[in-house]
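Dear colleague,

Please find below the structure that I am handing over to you. My notes on it follow directly after.

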Amino acid sequence: MIEQLIAEATECDFKVALETKKPKSWLKSVSAFSNGIGGTLFFGVSDDREPIGLSDVQKDAEAISRLIKERITPLPQFILKPLQEDGKNLLALEVSPGRSTPYYYKADGVMESYIRVGNESVIAPDYIVNELILKGTNQSFDTLTTDAVKKDYSFTLLEATYLERTGLRFDPSDYVSFGLTDKNGLLTNAGKLMTDQHTVYNSRMFCTRWNGLEKGSIFDDALDDKEYEGNLIYLLNSGSEFIRNNSKVRFVKKAQYRVDKPDYAERAVTEALVNALIHRDYIVLGSEIHIDMFDDRVEITSPGGMFGGGSIQEYDIYSIRSMRRNPVIADLFHRMKYMERRGSGLRKIVSETEKLPGYTEAYKPEFSSTATDFRVILKNVNYNMCGASVHDTAHDAAHDTSVISKQNLLLEFCTDPKSRDEMQAYIDVSSRSHFSKYYLKPLLSSGKLEMMFPDKPKSKNQKYTTVHSK
């Protein structure tokens with residue numbers, strides 16, 4: 001019986017005996033379960049799930065009820081069930097997910113709120129406590145009214161995008177009915193996130209194309225990096241463009257036609273970015289969405305774990321119900337046809353990726369979350385493919401020709417030693433990472449270019465000169 005109850009529990013902890021002198025050891029789990037998706041505490045059971053038994057179930061049950069009422073505030077919903085397993089008396093304390101979050105443990109002059117991280121109950125960071133406070137009062141970050149006045153800001157991108165995608169004009173009354181302003185013309189946080197100006201500091205996106213399969217130094221190992229901030233539509237468009245610019249569309253020749261083979265499904269990328277923008281936690285100070293591109297994958301990471309608790313790894317994405325951290329933003333993106341109401345974004349990411357030529361189960365997108373972030377991993381379906389049957393697009397071929405031409409110009413230019421800045425200016429390349437990947441490193445590794453101070457490669461006085469063949 002106990003194995004079945006453990007399997008049915010959303011979260012669970014085990015206690016060999018009831019601690020009454022140090023009840024915090026288990027009351028913190030009551031707080032965490034109430035603040036999350038609920039859970040069950042099994043008393044009289046060891047960590048390896050072996051029934052040990054309690055000597056006085058009735059006394060322990062009374063103590064559990066009393067300590068919860070004394071030390072957890074507000075009072076959570078719970079049910080105590082006596083159990084028997086192998087002739088031993090046990091107790092199961094079932095704690096329901098609470099509606100009046102946050103639930104605190106209070107004793108010895110302190111109040112602490114807990115959340116679940118893995119199989120542990122840990123003190124909730126301030127930003128999670130703030131989100132729990134909003135949740136407990138049936139509010140969300142994006143619905144809160146600010147002191148910003150609508151007439152002081154512009155919404156050109158929002159209105160133009162709304163017209164383009166719906167065929168309808170964004171009327172002044174829509175700002176109130178959509179939840180972007182209140183009746184007095186004050187912007188909500190959702191409204192501030194849609195202004196042309198950058199008014200919400202955390203509304204940012206950092207994008208990096210790394211050289212290889214792992215992260216490294218942003219100065220030496222990043223082939224491309226961009227930072228964007230401001231309007232959510234701008235972030236969506238910029239993130240999509242960054243991934244597109246750092247991806248390839250290959251093709252395979254058939255007898256009468258060719259098959260395009262993009263690295264990633266465009267709709268899957270859009271869905272992943274929309275998911276990150278809508279469901280992220282904007283309360284986390286100094287936070288941003290990260291796009292990290294590698295040779296074999298794209299990782300899109302957003303602040304804030306699963307809204308309501310738990311981790312995405314515990315759910316079936318084909319049956320998960322939609323829970324929206326920012327309902328106003330979600331509704332607006334639905335109106336603009338970026339997403340569907342029924343919470344099918346993760347399923348869409350998978351189904352769109354499955355349509356790609358060359359897709360196998362190995363390229364299935366992956367989803368993971370912790371208490372502090374959510375991550376989507378899209379696999380490059382062209383990674384490790386046989387080069388004999390895969391051809392770069394004309395754009396890539398033209399790019400290769402341009403690079404070779406500029407490399408030759410640099411070799412002529414560096415007959416006399418030149419600095420890196422002089423070289424970049426000469427061939428009109430502004431990005432240091434791009435210059436390093438396509439020009440400096442290839443010429444140095446091929447032996448066509450050499451450093452004047454090879455024992456001090458990062459010297460600010462470093463110069464480069466052409467190696468003349470003998």
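In these notes, Ala, Val, Leu, Ile, Met, Phe, Trp, Tyr, Cys and Pro count as nonpolar, Asp, Glu, Lys and Arg as charged, and the others, Gly among them, as polar. By that division, the lining of the second largest pocket comprises 14 nonpolar, 15 polar and eight charged residues.

This is a predicted model, in which local features need pLDDT of at least 70 and side-chain atom pairs count only at pLDDT 80 or more, while totals for chains, interfaces and linings use all residues. Residues are numbered from 1 along each chain as its sequence is written, and side-chain values use heavy atoms, with hydrogens and water left out.

A pocket here is an open set of points on a 1 Å grid over the protein atoms alone, where a 1.4 Å probe fits, with protein on both sides within 12 Å along at least five of seven lines; lining residues have an atom within 4 Å of a point. For the second largest pocket, the volume (the space filled by probe spheres set on the points, which are joined across faces, edges and corners) is about 790 Å³. Its lining consists of 37 residues, and Phe307, Arg321, Ser322, Met323 and Arg324 lie nearest the centre.

Helices are DSSP runs of H or I with at least four residues, and strands are runs of E with at least two, numbered from the N terminus. The protein chain has 14 helices and 20 strands. Both α9 (266–279) and α11 (345–354) supply at least two residues of this pocket's lining, and α9 gives the most, with six.

Of the 470 residues in the protein chain, 49% are buried (under 20% relative accessible area, 1.4 Å probe, protein chains only).

With kind regards

Terms used:
Buried < 20%, exposed > 50% of the residue type's maximum accessible area, 1.4 Å probe, protein only.
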